[in-house]
Structures are given as C-alpha cells and as structure tokens.
Amino acid sequence: MPKPRPAYLDEPRTTTMLKRGSAFHVAIFKLTGGLIGRRFRMQGQIRNAPPVCLLTTIGRKSGTHRTVPLLYLKDGERVIMVASQGGMPRHPLWYLNLRANPNVLVQIGRHRRPMRARTADEHERAELWPRLVEMYPPYDDYQSWTDREIPVVILEPV
C-alpha cells in the first residue's frame, strides 16, 4: 500500500531545497569522480543502495548544459532512469530538456560517455518498471501521488 503524499511537496521551499541539494551533489560527485555520491543511501541503508550517475542535458530554452544526479539501472549497455521528480505533478526539467534534445552525457563514477535518450514505450515501461521499483521502492509511492504517468527513460550508447 502506498505511503500518503507528504504535504511538504507542495511548498515552494521544497523546490529550492532540491535544486541546492542537487547542485551540491553534482559538485561533490565531480570533485571526487563519484567516490562520494555514487550511491543513494536512504535512512541508514548501507547495503543495496541504488546507484547514482550524473546526467547532462542541454537546456531547451537556454542552450546551456544542465547536470543533475539521478538514480539509474544498468541494462547491458543501456542506462535506465525514471523521471519521477518525487511524484510531483509536472515532469522534471531534465526530462523536458532531453525530449527537446535527446543527446546527453552520462557520468558513472569517473567514466563519461555520450548517449541518446528516449522515453520507453508502453511495453518497455511495463517490463522495466518492476525492476526499477525493486531497486528503489519509493517509485511506486511517487506514481500513486501524481496523475501523470511517470516516464521511464532509456539511454543508449551513441
């Protein structure tokens, strides 16, 4: 059964805190080559913490590079991500950016590589969603908190 949607998600300061936290995470990840920040540890979780990568997109309006830390699932050469934004009602900006320009850069640890992004189709999403929820169970909560279907993004090597 999904957890109830936290009231703080609707507060303006939540967005500000998320932006600042993401910027700090990106800086530390880059500085240490992913030694710090490569796993997302939840409330005392040490084992099986989901992996984190850096995704760089090109701003659809500004044309500038935008980098965000995101959980990911390796699937062979592919990298799978979820555009959940914590179950908020709108898609995250990074997702809108990659829809406008699917050429992205992914950094896993120290390794950076160009990739091409696309939204999973209905069949792919149905196949990948259970694996993503197994990796990070709150994704199911997030989906229950929003009316939008949370996109699953597939990144493939260029």
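**Figure 1. Helix α1 in the predicted model.** Helix α1 covers residues 12–32. The helix has 21 residues. Its first and last C-alpha atoms lie 31 Å apart, close to the 30 Å expected at 1.5 Å a residue. Just after α1 comes Gly 33, with a positive phi of about 65 degrees.

**Figure 2. The two faces of α1.** Thr 14, His 25, Val 26, Phe 29 and Thr 32 are the buried residues of α1. They sit on the same side of the helix, because they cover an arc of only 145 degrees around the axis. This buried set packs against three strands: β1 (52–58), β2 (65–71) and β5 (103–108). The face turned away from the buried side carries exposed residues. These are Pro 12, Arg 13, Lys 19, Arg 20, Phe 24 and Leu 31.

**Figure 3. The largest nonpolar core.** This core has 20 residues. Those with the most contacts inside it are Ile 80, Trp 129, Leu 132, Met 135, Tyr 139 and Val 152. At least two core residues come from each of β4 (78–82), α3, α4 and β7. Helix α3 gives the largest share, 5 residues.

**Figure 4. Surroundings of Trp 129.** Residues up to four places away in sequence are not counted here. Trp 129 touches Val 82, Tyr 139 and Asp 140. Trp 129 also touches Gln 143, Ile 150 and Val 152. Two of these partners, Tyr 139 and Val 152, are listed with Trp 129 among the residues with the most contacts inside the largest core.

**Figure 5. Another nonpolar core.** This core lies apart from the largest one. It has 16 residues. Among them are Ala 83, Tyr 95, Leu 98 and Val 153.

**Figure 6. The salt bridge between Asp 75 and Arg 78.** The structure holds 7 salt bridges, and three are shown in this and the following views. Side chains of opposite charge can pair when their charged atoms come close. In the pair of Asp 75 and Arg 78, the closest N and O atoms are 2.5 Å apart. Asp 75 is partly exposed, at 21% relative accessible area. Arg 78 counts as buried because its relative accessibility, 18%, is under 20%.

**Figure 7. The salt bridge between Arg 118 and Glu 156.** The closest N and O atoms of this pair are 3.3 Å apart. The pair links distant parts of the chain, 38 residues apart. Arg 118 is in strand β6 (residues 111–119), and Glu 156 is in strand β7 (residues 152–157). Arg 118 is partly exposed, with a relative accessible area of 28%. Glu 156 also counts as partly exposed, at 28% relative accessibility.

**Figure 8. The salt bridge between Glu 149 and Arg 125.** Here the closest N and O atoms are 3.9 Å apart. Glu 149 lies in the loop between α4 (138–144) and β7, while Arg 125 lies in helix α3 (residues 122–135), so the bridge ties together parts that are 24 residues apart in sequence. Glu 149 counts as exposed, at 55% relative accessibility. Arg 125 is buried, with a relative accessible area of 13%.

**Figure 9. A salt-bridge network.** Asp 75, Arg 78 and Arg 131 belong to one network. Salt bridges that share partners join these residues.

Notes. Residues numbered from 1 in each chain as written. Predicted model: local features only at pLDDT ≥ 70, side-chain atom pairs only at ≥ 80, totals over all residues. Heavy atoms only, no water. Salt bridge = Lys/Arg side-chain N within 4 Å of Asp/Glu carboxyl O. Buried < 20%, exposed > 50% of the residue type's maximum accessible area, 1.4 Å probe, protein only. Helix = DSSP H or I, 4+ residues; strand = E, 2+ residues; numbered from the N terminus. Core = buried A, V, L, I, M, F, W, Y, C linked by side-chain atoms within 4.5 Å. Contact = heavy atoms within 4.5 Å. Expected span 1.5 Å × (residues − 1). Arc of directions from axis to C-beta.
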